[in-house]
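Visitor: I'm new to this one. Could you walk me through how some of its helices pack together?

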Amino acid sequence: MDWQQVIDEVWPHVRRKHLWPELAPPQVGEIEAPVAMHMRDKQITLNRATCNTLAEHLPAASVIEALLDHGVSHYTRCPWDFATHLHLYATAKDELRRKSLAKLATDAFIDVVANTACVRDVPTPLPDVYRYLGGGALEGTLTALYSHIWGMDLQGSGDPALVRRLARIPYLDRQQWGQSLRRFVRLVQPLLEEEEGRQRPPQPLALGRHGLASYSPEEVGQGLQTFAQHVPDIQHFRETVQDFAEDLASLGFGRGSAAGLGQGVSVDADVLYYMQLAQTYRLPLYGLPMERSGTLEPYSHAPWEASKPVHDIDLWTSFGRLLPGVSQTWVRREGSIFGQREGTPDCLVVLDSSGSMRNPREQVSFAVLGAACAVEAYLRRDARVAVYNFSDARLDGKTVVPFGTDRQAIYQGLCLYHGGGTSLRLRDLEALRRTATSPTPDLLVLTDMQITNLEEVMEYLIGVEGRITVVHIGENAATEHFCQVTQHHPRLQVFAVQERQDIPSIVLGQVQRYFRPQARARRTGSGDRGRSSVLNPQCSAPS
Amino acid sequence: MVNPFQEFFAYTTSARELPLDHILARRDRVLQRLLQSYQAFVEEESTQLVWVVEQGALSRAYATAVDALKGVEFTVEDVEDMCVELDGANGIATPLGAPSGLFIAAMCNHVQNRDIVLNLRNLVRRWPFLGYRLPRGRHLQLEGDAGDFVGALLEGGEVTVTGNAGNYAGIGMRSGLLRIGYSSGKHTAEGMRGGTIRVQGRIAGMGRVKRGTVYEGNQRVFPAEKEGEWTGSR
């Protein structure tokens, strides 16, 4: 049987039924696993062996149409996108606690939803295929369920009481998928365990398994971002994402030059969590302003007069003559810019990871998240970032990531937790700062201010060149003291972060003199009040 | 000029109506009726300012629950859904502990099916009074751990708890069989007047038993086994 020819004939009809989904033309091939199809990056491949088996009972065109209907339904109905897939998997894992069972349960649920939506919405020979698909107890029960909810006799086998219960789940109500999956999993759990007992890991469902491979790397990245935003805590994210570690690593979500892209071998789920979550916040970052250069530079030509010096004459435009009115002299002006546009200096992130701070691998650390958002802002502008992660630096409680653009290395440096006491070794910090390519790198300090040598640190920050952004986590006497001491510093801004919602309020590279015109405007009643509210009122009153 | 959307224009489709739609519609309808009955029951009971677990209050509350359920046709699956609804933190109904347990017991006693299985493992709350007055010919299987007063005033029915039971298991039971897979709490068989209680694990404390038979494991603990007596259960 020339299956590819059958596919070519049937595919336009299937596309039309499903309202022209953006999928590549399917193909037929040999699949090692006992499944009817798989989808790789939006390319459906049908298993020749399954097609041959089904063709013994059904016309070839019906076999292909049914299988393609199933495959397209997954793309157009359930799971729809990778974020939904992850959410469903996380729900199943929460109930079953075992990866293999959770994957099988998710696959089964996704199949029921996609198939039922397909049978309801379009004319399809899909039910006929289920008459001739073999499988274990789970497959039999699902076929019996299809008989029950589609109103067709598909010769399934399953406990009638179980099928009756399964039939009461609102599969097509997308809003209730989480709850529906929980009920589904609780009901089929004994069958899943039976499948696992029969073969370990359990056989996939006959029509195929659903993995990361079905999605493009961009979809996976987007899905991870959405998932990171919606999971209640980092543990949930880690537990779910670690189960897909191999697939993610093969897609380049391990080590890479950009968030989620490039080659990789392993996945640090915690780093990935902060990486994805940081993508969702866009912190404003001010570039260095244009300034007078302080030197006179040739700007335009003017006719030379006898009273003017000769050394400014431009020989090239003077026709080789020294004659008043013919020779051209340069008119000089002071340069007004450093370059063609505003520049972004490098950034040195100083992160407190002492015992009084949250461990970023146990719960969401606002300090690490804030630092990650800042790192993203600098890297987006092609600046280089260094990390000085410290606890008791005097006793070597520190991790240094030199200036660079390796996102993975920077995040690894941010996600380290030292615990213990807090002291900053300013000599180390200054040495690291001096390695920046830009003469005055920005300094971003994230701490709860409970630093043993806080006075020294304040003295250093007041004296250091460049723009300084200090983010203090929580409020205490030390933060109050710090704000009081530094309140008149023109290049130092302090932001308080108590909750995650405070992070977008951070403005990087801001110096108070930028706000002078606005401050004046505010005094006259026409200023940008929204802007003023993002600043820590205790610390950032314009001088 | 050719309309580039010609093919889309000609396309029409209409969704089929599946039995699933009818099943869900019926389920929602019955659940709605049960919730209304429950609300009526709660409103009736709320007039009693202090709800005390004593014989008079129990009988009255149970009679009210049975009255509220009159005219509602439901299945075991509906009972399960109602339990989930009462259990859920976001449910419409207000869970009230003992009255809610009595309402579930009334549903179990009046459901069409004779064999009822309730999976308590999926529920957060431990409803008391499950199996209250279960009549002869009915079998209630409770998967997981049951709350207090399970099998209270049993009237010939058979209650099986696959996990542990709380305190006062089988209180005042008249006839029937109460099986507990693991252990039972204090005051087990308090005021028991007939029937059999079989606890596979340990009994934390016996109540004042009047008549009937109570087993702890294979050991008959009431009436106490005499030396060398053959109980047939070893």
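**Two helix pairs**

Guide: Sure, and keep in mind that this is a predicted model. Let's start with one contact: from α14(A), Val368(A), Ala371(A), Ala372(A), Val375(A) and Leu379(A) meet Arg407(A), Ile410(A), Tyr411(A) and Leu414(A) of α15(A).

Visitor: How many nonpolar residues does the contact of α14(A) with α15(A) have?

Guide: Sorted by class, this contact has no polar residues and 1 charged one. The nonpolar count is 8.

Visitor: Is α14(A) roughly parallel or roughly antiparallel to α15(A)?

Guide: Helix α14 (residues 366–380) of chain A and helix α15 (residues 407–414) of chain A have axes that come within 10 Å and cross at roughly 160 degrees. Angles over 145 degrees count as roughly antiparallel. So α14(A) is, relative to α15(A), roughly antiparallel.

Visitor: Now for α5(A) and α7(A): is α5(A) roughly parallel or roughly antiparallel to α7(A)?

Guide: The axes of α5 (residues 99–121) and α7 (residues 137–150), both in chain A, come within 11 Å, with a crossing of roughly 30 degrees. An angle under 35 degrees counts as roughly parallel. Therefore α5(A) is, relative to α7(A), roughly parallel.

Visitor: Which residues of α7(A) does α5(A) meet?

Guide: On the α5(A) side, look for Ala108(A), Val112(A), Asn115(A), Thr116(A) and Val119(A). By class, the contact holds 9 nonpolar, 2 polar and no charged residues. The α7(A) partners are Leu138(A), Leu142(A), Leu145(A), Tyr146(A), Ile149(A) and Trp150(A).

Visitor: Are the crossings left-handed or right-handed?

Guide: Take the pairs in turn. The crossing of α14(A) and α15(A) is right-handed. Where α5(A) passes α7(A), the crossing is right-handed.

Conventions
Residues numbered from 1 in each chain as written. Chains lettered and ligands numbered in written order. Predicted model: local features only at pLDDT ≥ 70, side-chain atom pairs only at ≥ 80, totals over all residues. Axes fitted to C-alpha atoms, helices over the stretch in contact; angles between N-to-C directions. Helix = DSSP H or I, 4+ residues; strand = E, 2+ residues; numbered from the N terminus. Parallel < 35°, antiparallel > 145°, perpendicular 65-115°, else oblique. Left-handed = near helix turned anticlockwise from the far one by under 90°. Contact = placed C-beta atoms within 7 Å. Nonpolar A, V, L, I, M, F, W, Y, C, P; charged D, E, K, R; others polar.
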